Structures are given as structure tokens and as C-alpha cells.
Amino acid sequence: MSTTVDDLQAIADRVVAQAGAGEQIEAYVSRGGETAIRIYEGELEHFASAQSEGVGIRVIKEGRTGFAYAGTLDPAAIAEVLADARDNVSFGTPDEFAGLAIPDGVAQIPQKFWDEELAGYPTDKKIALTKELEKLTLGMDERVRVDEANYDDGWGEVAVATTTGIRESGRGNSCYVSVSTLADDEEETQTGFGFSVGDSPKDFNLQKAAREAADRATRLLGAIKPPSKRTTVILDPYVTSQFISILSSTLNGENVAKGRSFFAERMGDQVADPRFTLVDDPTNPLAYTATDIDGEGLAARRNVLIENGVLKKFVHSSYSARRMNTVSTGNATRGGFAGSPGVGCLAMQLVPGTHTQEELIASVDDGVLIQMVSGLHSGVNPISGDFSTGASGMLISNGTVGAPVREFTIASTLQRMLLDIVAIGGDVDWLPSRAHGMSLVIRDVTMSGT
Amino acid sequence: MPQRTDSPLIEPDVIARVLAKGRSTGAEFSEIYVEDKRSTSAGLDDGKVEQVTSGRDRGAGIRVIAGDTTGFAHTSDLSERGLLAAAEAAAVAAKQGDGGVHTIALQPVLRHPVNTIVQFPDTVAKARKVELLQRADIAARGVHGAIVQVSAGYGDSIKQILIANSDGIFSADEQVRTLMRVSVIANGDAGMQTGYNSLGHTIGFEIFDENDVEELAIRAAQQAITKLQARPAPSGAMQVVIKQGSGGVLFHEACGHGLEADLVGKGSSVYRGKMGELVASPLVTVIDDGTMAGEWGAIGVDDEGHASQKNTLIENGVLTDYMWDYIRARKEGRKQSGNGRRQSYADLPMVRMTNTFVTNGSENPDDIIRATDHGVYVAKLGGGQVDTASGDFVFGMVEAYLIENGEITEPLREGNLIGNGPQVLKDIDLMGNDFAMGGPGTCGKDGQGVPVGDGCPTLRVKSMTIGGTAA
């Protein structure tokens, strides 16, 4: 990373320096803060400011791994964490592939993660712009109420060091605004949301967030439950982002090694429509989850996972790579100091097509535009591939958007949906998510309603 | 019964000074929540104990309320200096101006004694915890040759909390949780299928005296094996019979969230303005009970310092009350209901469920199935999600079967069911007499997860939409 956070790095270095003979140690030290502002009916409902810090220590000896963490950087507590991690080592099963990452010479691609303007942005202006977002949203349509308007920002500093020679530190900050809406008709209430992200508040597009939040809720007023049938769906960019994110676990090298991915024996096969090219590219600064290092401190990199529908690559951490006799793709993930590294995609992107959503709608004789999905965690199984989610949106007939529909599900399998992709939109939206989105057209999906 | 040293996390005189600092800018209310949590977890995957983890989470959150504005700050620095700094930050956030000097007299609150802990998990050797995982792995793999992968997890935590506020509330609790889960994959001609089972209670390691780890693992494995023969779930509306236990998730989604006073107050619940009205079939009585001994959502005091309670929300179909946290109840001039909860010291409390369940009816569960011509039998529910404003909700079926001519026949692949809360509550036409609680759950709201329990007897909904793919 570009900036060194000297005191955190010094803490990590001191932990690692205590390694005994035959002992590998990794120390991950972080510190961060956040601001959360919520406006309701023109008033500040809450203002929360917080700081946190902590350390996670991984110890590996004779193929056994132990881990411990604490939410403090108090020296006595750090000593206790190291002692706990060492104690935990003895309970692990020896694993010949266990170990820390080793520097691989892949260069980091510099990016800007710290915005000085955001760091110095005054609180009263944050409150004012959140009030403005609420006001703009209310002004969009008289049927719209605002459930809450939020401003959130956060900053983080991190340092990692290992006995294998990893030594990285850096810092970053980010912010976004979001608004949830309610739209009322005589007998019913529907909900919507909108948001905007930026390096600093000057990048926010409040107008767009307000417009989307109002439209999402009002469009669904008067929605009916549709009849059950097989149909073509157009996923809105926000829904496409959620769909792509699910694929991460199927492309995860550790899941492949442990027999948890239906792609395990499919390398080189046509697993998706030829229009479908999926890359994981945290080096793209447009991605919300862009980063220059992965969770083990190796350089983040661009990996082409599915190219023209052909399965090309799985993502790996150093552990899964050793198990699969390959090299890390820089895809170790980490949920802060309290977690040890896992494997996953970092910033998923589809190579976009050229059509707008309007053009895609015009190309569909009979289908449904999916605006929202629910129950992705309860109705989608990335191991079997079964896919079933609650949905709401608008019917499409003869290339035109018609009646709103809700209280139905869409279902297929992930394996089939990838092959049933008919078109990929050019309407890329860089969402605050691990995957970006664009309109995606998938045929032969079962819609279950009445 | 082991005696634990019981020294307060923070001395009362420090607490009083911090609360007074919280009100120094004129706020009418200040609160401190202190947490010290120690946890141990262990994971087995692919036949190996991958890692044992020890964790320590410790800090304080300070909430200050002035008018309709809440200021909140949290810190991991529990020194008086650190706490005063957080209190000042929260006070400034809530209001500008001078509120003068406040003195606060603290009155201890009696916690509801949830249950006795026989064996605190921190007194148990880690080797015994790891051994449970290995037993689960062996048991699951022994069920069938088609079991190709097993992962098992063990977790325990001991969380001490202290809550005090400027209204004089002073309370403390020690919350112990012990959990085990097993995930299994079976591989067959039609691809892979999964099985899952979990066990969790607010008790110590004695949980394993009363529950058999092998049985837990075998059930997960059997679920995966059964699903190897599963056909695609049907598509469209039909009769749905929901088995006792995990079926309680239906009520958590169909009405639980919609009865949370914060959502009702903002007009984002389909149940607003329905107090005293018939909102469900007369067969339905819904209770939220934080006092339920040993259950996953049981708490001695809620995270605003009030003793947990048993609250009837819907009685014989009639809406009798919403769930309340202290702040919203205080504003309405009524009593809170012990439902103010937060994920950790770093989060603001909200109205949350504890153990939510539906009470017994009179039907024999076998008769409910026999009375059903054509439908789906959901033997195990996964999670769910609800839009409280419209009432539309989904829940997942992780183990389900077709019912044909009053008999359970073929297993079905996974999928979601969708319905509208108020409609589904009215459409419940048969209620069994075999009440049971389901497994441990985590309820998510506004980014915070809290442990909850759900339960119900076997029951029937006369029409719900099954989100499968078969005609």
C-alpha cells in the first residue's frame, strides 16, 4: 500500500519477532472509525461516531494452526492473544498445506484509497446533505414517505506482518448515502431504496439516489401477483450484482479442493453462454471493493475466471493454491482482525454488452423486469445450484413495460441460468458491493405466483 | 454449582460520572452499556480440525438522547478517561448547549434468572470441544457412502454486560451460549445435495449431556442423502404443511418483524393501527418470550437493562401488543417489554425479538397430513426475509416433501416459499398439538445480528406459493 501506518506496523513487527524455532506467525493489526447519521422528518434521528481497534494472530507449527484475536491494542492483551493462539495450535490436525503466504514478487498496482477531503469533511455538512437527500426524495412524488435517510462513512488503517516476509500497511476511507422509501396508496404500502457512493461527499449524486428510491416504491403500487409460468427475466443492475456475487463461492479454490463447487471438474468447459465473461479485478479503481493487497498481504490482481462462457480459472489463497498445486491468485479474504483468511472473489465484474435497459426490454416479447429479490440466503444453494428467490418488478409484453407484479418467486438452477443468458446490458452500475451490476437477460426461468 | 467471581466491569461511581457527562449538554437521557465477551470456537472441515480460535471483545457504548436526537459513541478503552471521552462525544452529537450539572442515583434492577449454568464452557478443556467435532465427522460419514464432505463447528461465549442509565437503572447479566453445527454434502447422479443441523442453547457445556452429537450429525447426513432423490419443487400456490420446530421462522417473518414498535411507529409495518383487530386465524396465538429457559434467544436482561419478559403479541388471532424497547416505550409513556437488544457495545439498541413462537392447537400432526390432498410438507425451514411495509415475506425450505392424497411422498429440492404476512396468518386452517422449539437462529436487522429462537407446532396454511420449477 502507498501509505505506511508506522505504529500499527511496529505492533505487528513486534509480535512476529517473538516467533520461536519452527513457528510461523502472522499478525494483523487494524484500527478504524465510522460515522453514521440518520435523518427522519427533517431532524437528526441519530449520530453515531465510533472508533475500534484490534489484533488477530495466527500461529502455525508442524502443520497445525491456532488463532486468537482481541478488540484492543493494549500490550498486555496482545501478549495474551499470542499466548492463546499458541495454545490453540496444539488442537489442530496436522495439515501439510497449512502455512502463511510467501512474497511472490507480483507488483502492487497503486490506487488511491485515502481522500483528504472526506477525512476533513465537517459534520454539519454531512448532516445537511443527508437532510437534502430526504427532502429531494420527498419532492419526487407526493405518495412517497421517507423511512430513513442515512449518511455513513468509515476509515481504516491496517498493518500485517509475517515470519515469511510479508510486511504491508496502509489506510483507506469511504462514504455513501442511502435512502429508504415508503409509497402509500389507499390499501397498501410499497418500499424502495436508493444510494450513492463516492470517494468524498462531493461525488454524491443525491438527485439520482432520490429518483431511484421514489421510483422503486411507487412503481410497485397496485402490483398484482402474477400467474405461474416459464418466462424471460431481465435483472436490474442491482439484482445482477447479487446474482454475480453468489457465483463467488463456486469459483472459490478452497471450495473446489474440498468438493463444494459444481465447477470442480469443469475447467475448460463451456459453463455459460459465450457472451458471458467474468473477471475478478480489485485493481480496477472503479470497483467499490478495489484493493491493492489481499487478506494475506499479497498483491491483488486481475483474474479472468470465465471467458466467453468457458471456465478458465479458480481463485486461490496461498493455502488453497498449495492444496491444488498452483499459485495464489491474490484472493485471500479477511473479515477484519477477528477472522483468519478465507478465499473469495474481491471485485467481480462482467464484460458489459452494448445495449441499454430500454433496448433490452424492447427485445423481449413476454417477460418480467426484476427490480428486487429477497431470500437469496434462504432459497439459493450454491453447492447444489438450486436457485429460488422472492421477487418484485414489472411485466414486459411485446417489448413494453406493463403492470407491476409482486409476491412471486423466480427459480431455475445456477448452472442453467448461466447457459440461458440471452443478453448482457451496457448499463454498468458500480454499486457498493463486491460485484458491479448491469441489466442481464435470462430466458426460461420459472415464475411462481398464483 | 460453580461460583464465579462477580466484580463489576466498571465501578458504580465511575458509571455515575460518565452518565452525568453524557447529560452535560442538556440531554435528558444518557446510558452506558459495557460488554466483556470471551469466546472459543473450533472448526473441522475435510476431516481436519482446521483451527481453534480464542476471542475477546470488550468495550462500552454510550447513548445520549436529547429530544428526538440520539447521540452514540463507543470505545474499547474502558478507563474512566476513555469512557468520559466517549460520553462527551455522544453528548455533543446529541445536542449543542449547556445542560448544567446532573447527579444520578443508580438503582439495581433484578435480572430474570434465565437458567443455571452447570458447566461454564471456559472451564472445559479445548481438547474436549475438538473431540466433539471429530465425533460428528465420523458419525456423518458413517451414514452413507455418498457423503463426500463434512464440516462441523463448535462455539461458546461468555458475555458479561453492564447497563446503567440516567433514569437510575443499573443492571448486569452474564450470558452464556454454547453451539454446535454440522454441514454435510452428499454426491449422487443428479449432483450434490446438502444437509445441515445445529444445536444451541443459553447453557454451558452440559448441553452435550442432554444432546447427542452423533445424532445431530446423522440427521444432517440423512437430510443430504434423502435429497439426492429429490425432484424439483413445484411452482405455484398450494396447501403447505409446516412441521413443528423450525417452522416458527414463518411467524418470525410473517408477523414478528411487523410487530416491532420502531417499525410500527414509522408507519413501515403492515400491522400499524391494527391493535385489537383480528389479524390472524383464531387458531393463532403468538408469543415472544425472552425468559424461556435455555432457548437461544433467552436473556436475563435486555441490552437496555430491563428484565426479559414473556409477551403475548397475538391472542386467538387478535393483535394484543407490539414489542417495545425502552426509548420508544418511554416516549409513549408506557412500559417497555424487554425487547431492546443490540449486537454488541458498538451498536445502538433496537426493538428485537427473543424467542418467538406459536402455541399449541388441538390437531394430531398426522391428521393434518392426512387431511391434505395435494401440497407440500416442509420438514425443515431455513432462513427468511420480510418487507414489513407490504407484508410480503419468503422463507426457505431446506427439507421438504410432496404430500399426495394425505401421504408424504417424494422429497423436493430446495427453494423459497413466498406469501403475504397478514394473508398467510388468516390462511392457517389447522394447528397441531406437538409444539417444539427449532434450532438456534440469528436475526438480522439494520446490519445487526442477534441470537433468537423460533418454535411452533405442526400446522397447515391453506395456500402459499412454492417457488420451484416443476409445473
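**View 1. Strand β8 (residues 278-280) of chain A is joined to β13(A) by three bridges, and the two run antiparallel.** The model is predicted: local features need pLDDT of at least 70, side-chain atom pairs count only at pLDDT 80 or more, and totals for chains, interfaces and linings use all residues. Residues are numbered from 1 along each chain as its sequence is written, while chains are lettered from A and ligands numbered from 1 in the order in which they are written. A:V279 has A:Q349 in β13(A) as its bridge partner. Strands (E, at least two residues) and helices (H or I, at least four) are DSSP runs, numbered from the N terminus. Two strands pair if DSSP finds at least two bridges between them.

**View 2. Four strands of chain A make an open sheet, in the order β10-β9-β8-β13.** The pairing is antiparallel. β10 (310-311) and β13 (348-350) stand at the edges. Each has a single partner strand, so one side of each has no neighbour in the sheet.

**View 3. Helices α1 (residues 12-22) and α2 (residues 80-94) of chain B pack at about 25°, with their axes 8 Å apart.** Axes are lines fitted to C-alpha atoms, for helices over the stretch in contact, and angles run from 0 to 180 degrees between N-to-C directions. α1(B) and α2(B) are therefore roughly parallel (angles under 35 degrees). B:V14, B:V18, B:K21 and B:G22 in α1(B) meet residues of α2(B), including B:L83, B:L84 and B:A87. Residues are in contact if their C-beta atoms, placed from the backbone, lie within 7 Å. By class, this helix contact has seven nonpolar, one polar and three charged residues. Ala, Val, Leu, Ile, Met, Phe, Trp, Tyr, Cys and Pro count as nonpolar; Asp, Glu, Lys and Arg as charged; the others, Gly among them, as polar.

**View 4. Chain A meets chain B through 63 residues of A and 66 of B.** Strand β2 (residues 43-61) of chain A gives the most to the A side, with 11 residues. That side divides into 16 nonpolar, 34 polar and 13 charged residues. Strand β3 (residues 64-70) of chain A pairs with strand β2 (residues 48-66) of chain B, in the parallel sense, over five bridges. A:Y69 stands opposite B:G55 in β2(B).

**View 5. Chain A is assigned domain 1 (6-217) and domain 2 (223-450).** These bounds come from an automatic or database domain assignment. The two domain centres, taken over C-alpha atoms, are 23 Å apart. The contact takes 29 residues from domain 1 and 26 from domain 2. β2(A) gives the most to the domain 1 side, with four residues. By class, the domain 1 side has 19 nonpolar, six polar and four charged residues.

Conventions:
Contact = placed C-beta atoms within 7 Å. Parallel < 35°, antiparallel > 145°, perpendicular 65-115°, else oblique.
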